[in-house]
Amino acid sequence: MAIESAIGEAAIEENLKQFLLVLSVSLSVATLPQIFSWFRHIPYTLLLVIVGLMLALVDVRLVYLSPGLILSIFLPPLLFEAAWNLKWADLKRDLVPICLYAVMGVVISIAGVAFGLNQFAGISLTSALLIGACLSATDPVSVTALFRELGTEKRLSTLMEGESLFNDGMAVVAFGFLMALSLGTAEWGFQPILVQFFTVVGIGVAVGALIGFGISYLTQRFDLPLVEQSLTLVSAYGTYLITEDLGGSGVIGVVTCGLILGNFGSRIGMNPRTRVIVTEFWEFLAFFVNSIVFLLIGDQIQFAILRENLGAIAITVAAMILTRAIAIYALGFVSNRLANSKISLSKQTVLCWGGLRGAVSIALALSVSASLPNRQALIATVFGGVLFTLLVQGLTIQPLLKKLQLLGDGPLRQQYLEVIARQTALNRVLEHLEKLEQRPGIEPEFCDYQKALIRGELDRLQVEIEKLQDEYPNMRDFTLEQLRSELLAIEADTYAEFVRSGRLNRELAPSLQQLID
């Protein structure tokens, strides 16, 4: 017994060391753009993949990336964070194209990749279908982060994130059915597939909705930010595990729960301060998990096996690009006709090229049964496809945005905020100088001279602000957004002050938010 206990303690200590090593490398990579300006042109997650590849090249393996670790531990927080931040109003506007891309797009991707590998690479239909299912799940974390940084139109991010959230679930459902089919535990046919699909998705939606609405009404009864934050964490993992145990899609369950809590629960049961705390917590958790996952994706690459399967990888990449183009352009045309979605060709092109693959694809490939023939070739093909999308498509999406004239005003917004911040700071300095005039020993001439200098700089800054607003009309909308945030923050701080002084039992929902909406 003592020997087993000692072995267990040693294993825990070793795993802890490996975890700290991975975390140290990830955080070191995060600081590179601050030290070397050239790295700022590469999205953080892609930089992690490149560093992981360099470690794999010299055969440094940080830790084994098991599929259970990704699907059960890493995937729920990533899905929940994206769903929490996805506004229902934006999602509802583009629900038709998102559903078409997420459902029919997955079918087209699986069929196209499987056909290409079966006909041109000689891979069995079973393995080809599994590869297609693995690579049908998109993971646009790097692309959407770049969109936010560049200030591109919000609709692009909504379309890409919405598709990714739902097609992850579709891909996992399709993979599970195809895996069961290959093992002889499922029946082939249109009706069995349809029944299986609605059962798995229905259970996911039902469990996610039940937990989401349950926690939403529960948080109405108290105002404890840390407890409410913890409940969102429990809901993410609890929804995934319960749904999987019931035979449903944990991915669909987490997405449903996150959408409900982010758009409904956070409004009726959380005050503004708590919403900010919870949102910042999930932003940190998503950064933390992505830092680990993308580094390990690169570190898991086996270059020798990749070389042996270059032909299959090349065919897979070509099939992925072709099927993605067919799905986006054809379904975009249908959506524009049926729902008047008005998704331009330039935006469809970005959606097509920005359909990166990532953690879900890797996890599904690694979870393939060991009894399946050519399992290693299947995993290598999926890894090669993921690697191409991350490195080639991920690093060229910014030039594509520039070519299609879809670059946003992110740098201009940053410049505008810097000018506003300097103006605010100098106004405060001016107020302080006026108070100093009454202080003994301070010469009035000195204060007058300093005030003249500051007023001159304030005049210059005001001219710069007006110039930016005249040249870029979007700046005025951005200014209004900032003002709304400031007003809500002031209101929330006032409620918090009343609570601290004992004049209120709990903070109130902001009336300003209702007026703004």
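In which helix does leucine 483 lie? Leucine 483 belongs to helix α20, which comprises residues 474-500. The structure shown above is a predicted model, and this residue offers a convenient point of entry to its surface. Leucine 483 has a relative accessible area of 43% and is therefore partly exposed, since that class covers values between the 20% limit for buried residues and the 50% limit for exposed ones. Together with Leu480, Leu487 and Ile490, Leu483 makes up a nonpolar patch on the surface. The accessible area of these residues together is about 350 Å².

From the surface, the account turns to a helix that is mostly covered. Helix α12 runs over residues 272-299, and 28 residues at 1.5 Å each should give a span of 40 Å. The C-alpha atoms at its two ends are 41 Å apart, which agrees with that expectation. Of the 28 residues in α12, 20 are buried.

The next topic is a pocket. The second largest pocket has a volume of about 570 Å³, and 18 residues line it. Those that lie nearest its centre are Val107, Ile110, Ala174, Phe177 and Ile193. Three elements give two or more residues to this lining: α5 (95-120), α8 (154-182) and α9 (190-218). The greatest contribution comes from α5, which supplies six residues.

Helix α5 also contains phenylalanine 120. The relative accessible area of phenylalanine 120 is 62%, so this residue counts as exposed. Phenylalanine 120 is 196 residues away from threonine 316 in sequence, yet the C-alpha atoms of the two are 9.9 Å apart in space.

Helix α8, which also takes part in the pocket lining, leads on to the salt bridges. The structure holds seven of them. In one, the side chain of lysine 154 meets that of aspartate 90, with a distance of 3.3 Å from N to O. Lysine 154 lies in α8 and aspartate 90 in helix α4 (residues 88-93), so this pair ties together parts that are 64 residues apart in sequence. The two partners fall into opposite classes of accessibility. Lysine 154 is exposed, because its relative accessible area is 55%, whereas aspartate 90 counts as buried because its value is 17%.

A second salt bridge joins the side chains of arginine 155 and aspartate 94, at 2.6 Å from N to O. Arginine 155 lies in helix α8 and aspartate 94 in the loop between α4 and α5, so the parts tied together here are 61 residues apart in sequence. In this pair, arginine 155 is buried, with a relative accessible area of 10%, and aspartate 94 is likewise buried, at 0%.

How far apart in helix α19 are arginine 460 and glutamate 464? Helix α19 covers residues 444-471, and these two residues stand four residues apart within it, which means that about one helical turn separates them. Their side chains meet in a salt bridge of 3.3 Å, N to O. With a relative accessibility of 42%, arginine 460 counts as partly exposed, and glutamate 464, at 23%, is also partly exposed. This contact belongs to a wider arrangement, in which salt bridges that share partners join Arg422, Glu457, Arg460 and Glu464 into one network.

The final stop concerns the backbone in two loops. Asparagine 340 has a positive phi of about 50° although it is not a glycine. This residue is found in the loop between α14 (310-339) and α15 (345-353). At 51% relative accessibility, asparagine 340 counts as exposed, because the exposed class takes in values over 50%. Asparagine 374 likewise has a positive phi, near 60°, in a residue other than glycine. Asparagine 374 is found in the loop between α16 (359-366) and α17 (375-403), and with a relative accessible area of 58% it is exposed.

How values were computed:
Residues are numbered from 1 along each chain as its sequence is written. This is a predicted model: local features need pLDDT of at least 70, side-chain atom pairs count only at pLDDT 80 or more; totals for chains, interfaces and linings use all residues. Side-chain values use heavy atoms; hydrogens and water are left out. The expected span of a helix is 1.5 Å times one less than its number of residues. Buried means under 20% relative accessible area, exposed over 50%, partly exposed in between (1.4 Å probe, protein chains only). Patches are made of residues with over 30% relative accessible area and no salt bridge: like charges are joined within 9 Å, nonpolar side chains (Val, Leu, Ile, Met, Phe, Trp, Tyr) within 5 Å. Accessible areas come from the Shrake-Rupley method with a 1.4 Å probe; for residues, only the protein chains shown count as cover. A salt bridge is a side-chain nitrogen of Lys or Arg within 4 Å of a carboxyl oxygen of Asp or Glu. On a 1 Å grid over the protein atoms alone, a cavity is a set of points where a 1.4 Å probe fits but cannot get out, and a pocket is an open set with protein on both sides within 12 Å along at least five of seven lines; lining residues have an atom within 4 Å of a point. Grid points are joined across faces, edges and corners, and a volume is the space filled by probe spheres set on the points.
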